[in-house]
Amino acid sequence: MRVSFAPLNDNQRLALWEAGAEAPVYARCEAMLHAYVSSAANHGVDVTAWTLAGRDHFLLHAFQQQFGEQLDVEGQCAACDTKQQLMFSVSDVLASCSEALSAAQVSSTEIESDAYEPGYQPVSLMNVPCQMRLPSVGDLRLVAQSGEPLMTFAECVIEPSAFSDVAASLETGGDWQGLFDDIEAQLLAIEPLSIVSLNARCPDCGAETAHQFDIASQYWARLTADVEQQFWDVHILASAYGWSSHDILAMSPARRRRHVAMVTEM
């Protein structure tokens with residue numbers, strides 16, 4: 001299905017922040033997707049059925065439209081604990097995804113969501129031949145609410161008829177963490193965007209550290225910073241002129257900045 005999307009205006013971004021501020025991480029991620037695909041043109045789109053790699057592919061494009069190319073991530077050297085500031089681009093991350101996922105982008109404002117649908121592929125887990133699919137957005141909710149998250153995750157992604165065989169192999173000396181590590185390796189082989197690591201060399205000691213990158217967390221951090229600035233704009237202009245929050249945020253950024261400057265220069 002072809003899905004169209006566009007940058008959120010300031011009122012929409014505030015509504016997204018309100019929907020996700022107190023929500024668990026899985027619900028916040030769903031809210032981010034719904035904010036972009038909830039228009040009538042995308043009626044019937046079920047974002048919870050998308051793979052997590054598909055979710056991240058979509059959010060990378062949404063971030064690119066909303067905030068631009070540059071990504072700034074804070075990290076820490078694994079050897080000497082020196083804080084590091086990593087700077088790279090959305091295009092750098094998108095370049096790592098599979099050809100199948102790359103083909104999902106039709107244009108800067110449209111994607112083919114069929115590429116985000118999970119499908120089973122033959123793999124070997126704990127030396128047991130089976131079928132496995134990429135985890136979905138909906139799986140996160142099940143895992144977060146489970147008392148045994150590793151087992152639940154494995155049960156979500158392994159084809160049901162083969163899950164019992166894989167689980168039985170754990171009784172001969174394996175463990176759920178070992179199975180999870182095995183699944184993680186297969187996920188990377190199927191879709192590199194499933195787990196994104198960014199390597200950075202420490203300027204102090206020269207050691208190289210792999211920093212795991214999560215676009216959902218990055219998007220939310222950037223959104224939160226922007227909304228905090230919006231709150232100050234609303235506070236200043238509502239106090240000075242009595243305008244409503246909705247009307248203030250409906251202004252163009254340039255006009256709003258000018259009004260704020262006029263008030264603060266008095």
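The following paragraphs describe the overall form, the nonpolar cores and selected polar and backbone features of a predicted protein model.

The protein chain consists of 266 residues, of which 43% are classed as buried. Its secondary structure amounts to 12 helices and nine strands. Along the principal axes, the C-alpha atoms occupy a box of roughly 75 × 55 × 35 Å. When contacts between residues at least 6 apart in sequence are considered, 65% of them link residues at least 24 apart. The exposed area of the chain is about 13,500 Å², with carbon and sulfur atoms contributing 52% of this area. The chain carries 13 positive and 35 negative charges, and the mean positions of the two sets are separated by 13 Å.

In soluble globular proteins, nonpolar side chains tend to be buried together. In the present model, the largest nonpolar core comprises 52 residues, and the members that touch the most others are Trp50, Phe58, Phe213 and Tyr219. For Tyr219, the contacts beyond its neighbours within four places in sequence are with Leu8, Leu16, Met32, Tyr36, Ala62, Phe63, Gln66 and Phe67. A second core, separate from the largest one, contains 21 residues, including Leu125, Cys156, Ala162 and Ile183.

Cys156, a member of this second core, belongs to helix α7, which spans residues 149–157. The buried residues of helix α7 are Thr152, Phe153, Ala154, Cys156 and Val157. These buried residues pack against one strand, β7 (128–132), and against the helices α6 (137–144), α8 (160–169) and α9 (176–190).

Two polar residues with low accessibility were examined in terms of their surroundings. Aspartate 10 is located in helix α1, which covers residues 10–20. Because its relative accessibility is 6%, below the 20% limit, aspartate 10 counts as buried. Its side chain forms a polar contact of 2.7 Å with the side chain of arginine 256, and another, of 3.5 Å, with the side chain of glutamine 230. With residues up to four places away in sequence excluded, aspartate 10 touches Gln230, Leu249 and Arg256; both polar partners, Gln230 and Arg256, thus appear among these neighbours.

Glutamine 84 is part of strand β3. This residue also counts as buried, with a relative accessibility of 6%. The side chains of glutamine 84 and histidine 211 are joined by a polar contact of 2.9 Å. Not counting residues up to four places away in sequence, the residues touched by glutamine 84 are Val73, Glu74, Gly75, Gln76, Cys77, Ala200, Arg201, Cys202, Pro203 and His211.

With regard to backbone geometry, most residues other than glycine have a negative phi. Aspartate 81, which is not a glycine, nevertheless has a positive phi of about 70°. This residue is found in the loop that connects β2 (70–76) with β3 (83–89). Asparagine 127, likewise not a glycine, has a positive phi of about 65°. Asparagine 127 is placed in the loop between β6 (121–125) and β7. The relative accessible area of asparagine 127 is 74%, over the 50% limit, and the residue is therefore classed as exposed.

Definitions and conventions:
Residues numbered from 1 in each chain as written. Predicted model: local features only at pLDDT ≥ 70, side-chain atom pairs only at ≥ 80, totals over all residues. Heavy atoms only, no water. Helix = DSSP H or I, 4+ residues; strand = E, 2+ residues; numbered from the N terminus. Buried < 20%, exposed > 50% of the residue type's maximum accessible area, 1.4 Å probe, protein only. Contact = heavy atoms within 4.5 Å. Areas by Shrake-Rupley, 256 points an atom, 1.4 Å probe, with all protein chains shown as cover. Lys, Arg positive; Asp, Glu negative; His and termini not counted. Charge placed at Lys NZ, Arg CZ, Asp CG, Glu CD. Core = buried A, V, L, I, M, F, W, Y, C linked by side-chain atoms within 4.5 Å. Polar contact = N/O pair within 3.5 Å; in protein donor to acceptor, adjacent residues only side chain to side chain.
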